[in-house]
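The following exercises introduce a protein model by way of its sheet and its nonpolar cores. Please consult the sequence and the structure while working through each solution.

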Amino acid sequence: KGDSHDKGDAPAIRRGSIYDRNETLLVQSTIGDSNRITRQYLYPSMSSAIGYASLRYGVSGAESAFNTILRGDTRPTDLASQLVGNLLHRPQVGLDVRLSFDLQIQSEAVRAMGDHRGAVVLLEVPSGAVLSMVSLPTYDPNTLDQNWVELTQAPGNPFFNRVLLGTYQPGTTLQTPLMAAAILAKYPLATTYEDAAGAVEVADVRFECLRQPPATSLSLVDAYILGCPEPFVQLVQDLGVNTTKTAFDTFQLDELPTLASYVTVPASTDTITSQFELNSQNLIENTLGQGEISVSPLEMVLLAAAIQNDGNAPTPYVLLGYRDPELTSWQTEPSNRVTLPMMTSDTAHELHRIMRRAVLEGAAQAANIEPIEIGGQVALAYAGETSQAWFIGFASLSSQSKVAIAVVIEDTSNTDEAARIARQIFIAAQQEYASGS
């Protein structure tokens, strides 16, 4: 039922408007017949990011995250003004908020995903501003009250935010932190593995190279670029449990990150966790991403952002500012947010180079578009009878503009499709930045 059990606003409250980063109006409250206040959501593509505000069913998404601001609860009001407002039956007026979402990029992400179920999240690097957050399937918040029962029973759970709450099997996306561990441990990356193109079977799942290799012998770097699992099995056996566990701890793979202000866990829980115990019995299963480890798209985009940002993952955020609706200037939020060190700058630069090659000549080639400098990884994961295709990566849109992305598509093994979706979103982002947005 969304992220909050708040039963919404009393009729005497007019919620503030919501704008995107370019000050495009996304959501507004209008007063109709009998002074009835209606919440209007102007762009369907924004639904999964904005959420809803309903008198009957409460609030979710950004409507929940910034509920007190939008309601006007944070607005200073003296006693005399309150008394006059009550006597004249004036509604409490909320503040407008300006969010980091970009309508054009978000709309293109939704178009690119088409009928797929899954999630997309795009971050600005190094700021951590969330430019796009797509969770599909979604719903129309304008008809929420009429369709509530149907939506609660709909396939795919449209109220579930897959970007923040999705706990997906990572599959071969874990080759990226494993490669980081190898680089940090000064493991000989050029060592040739015999039969490197062979399939690996684990947990009733068969992993093969995502792109046909030119030879059966490959280096670890070539195996990463082509999406071949066998050399990574040998790698973790050589590194051992402790070194591998230390690498996963560095990337905080046992704790799913949250988005500032968003209520993403039950009130009784402090953090979302994905606890796992790595040992010699489950080492291969877990490091191939088919064990106890689960990840969210937000977690994976932070990994990609760290590689783009000299090893430091930014703190993701959405709120840019707020204002009185009668004013034109915004009260901005502080921008001095902390970063999380995930790897050394040398490790990040080496991974950056390898992921660039994966897009230029490897399994992630479907993401390539000139002249954008794109690096990334495609990966497969399996959950029960279904499979999921991943793309995680980054793009330098210009000398000053950088972004990181995570795409996951459910119920498919088509990794080219995940890469193609990322490519379309990168193009939309470049066009937005080139236009000065």
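**Exercise 1.** Which residue in S23 does valine 121 stand opposite?

*Solution.* The model under study is predicted. Begin with the two strands concerned: strand S9 (residues 118-125) and strand S23 (residues 402-410) run antiparallel and are joined by eight bridges. Within S23, the residue opposite valine 121 is alanine 406.

**Exercise 2.** Determine the strand order of the open sheet and explain why S10 and S21 each have one side without a neighbour in the sheet.

*Solution.* First, write down the order of the five strands, which is S10-S9-S23-S22-S21, with antiparallel pairing. Next, consider the edges: strand S10 (130-136) and strand S21 (373-383) are placed there, and each has a single partner strand, so one side of each lacks a neighbour in the sheet. From one strand to the next, the twist averages 10°. Finally, add the helix: H5 (residues 103-113) lies across S9, S10 and S23, and runs at about 30° to S10.

**Exercise 3.** Describe the largest nonpolar core and the contacts of tyrosine 262.

*Solution.* The largest nonpolar core has 95 residues, of which Ile50, Phe66, Leu99, Phe101 and Tyr262 touch the most other members. Helix H12 (residues 297-308) supplies the largest share of this core, with nine residues. Turning to tyrosine 262, and leaving aside residues up to four places away in sequence, its contacts include Ala49, Phe66, Phe101, Met133 and Val318. A second, separate core comprises 34 residues, among them Val403, Ala418, Ala422 and Phe426.

Technical notes
Residues numbered from 1 in each chain as written. Predicted model: local features only at pLDDT ≥ 70, side-chain atom pairs only at ≥ 80, totals over all residues. Heavy atoms only, no water. Core = buried A, V, L, I, M, F, W, Y, C linked by side-chain atoms within 4.5 Å. Buried < 20%, exposed > 50% of the residue type's maximum accessible area, 1.4 Å probe, protein only. Helix = DSSP H or I, 4+ residues; strand = E, 2+ residues; numbered from the N terminus. Contact = heavy atoms within 4.5 Å. Pairing = 2+ DSSP bridges. Axes fitted to C-alpha atoms, helices over the stretch in contact; angles between N-to-C directions.
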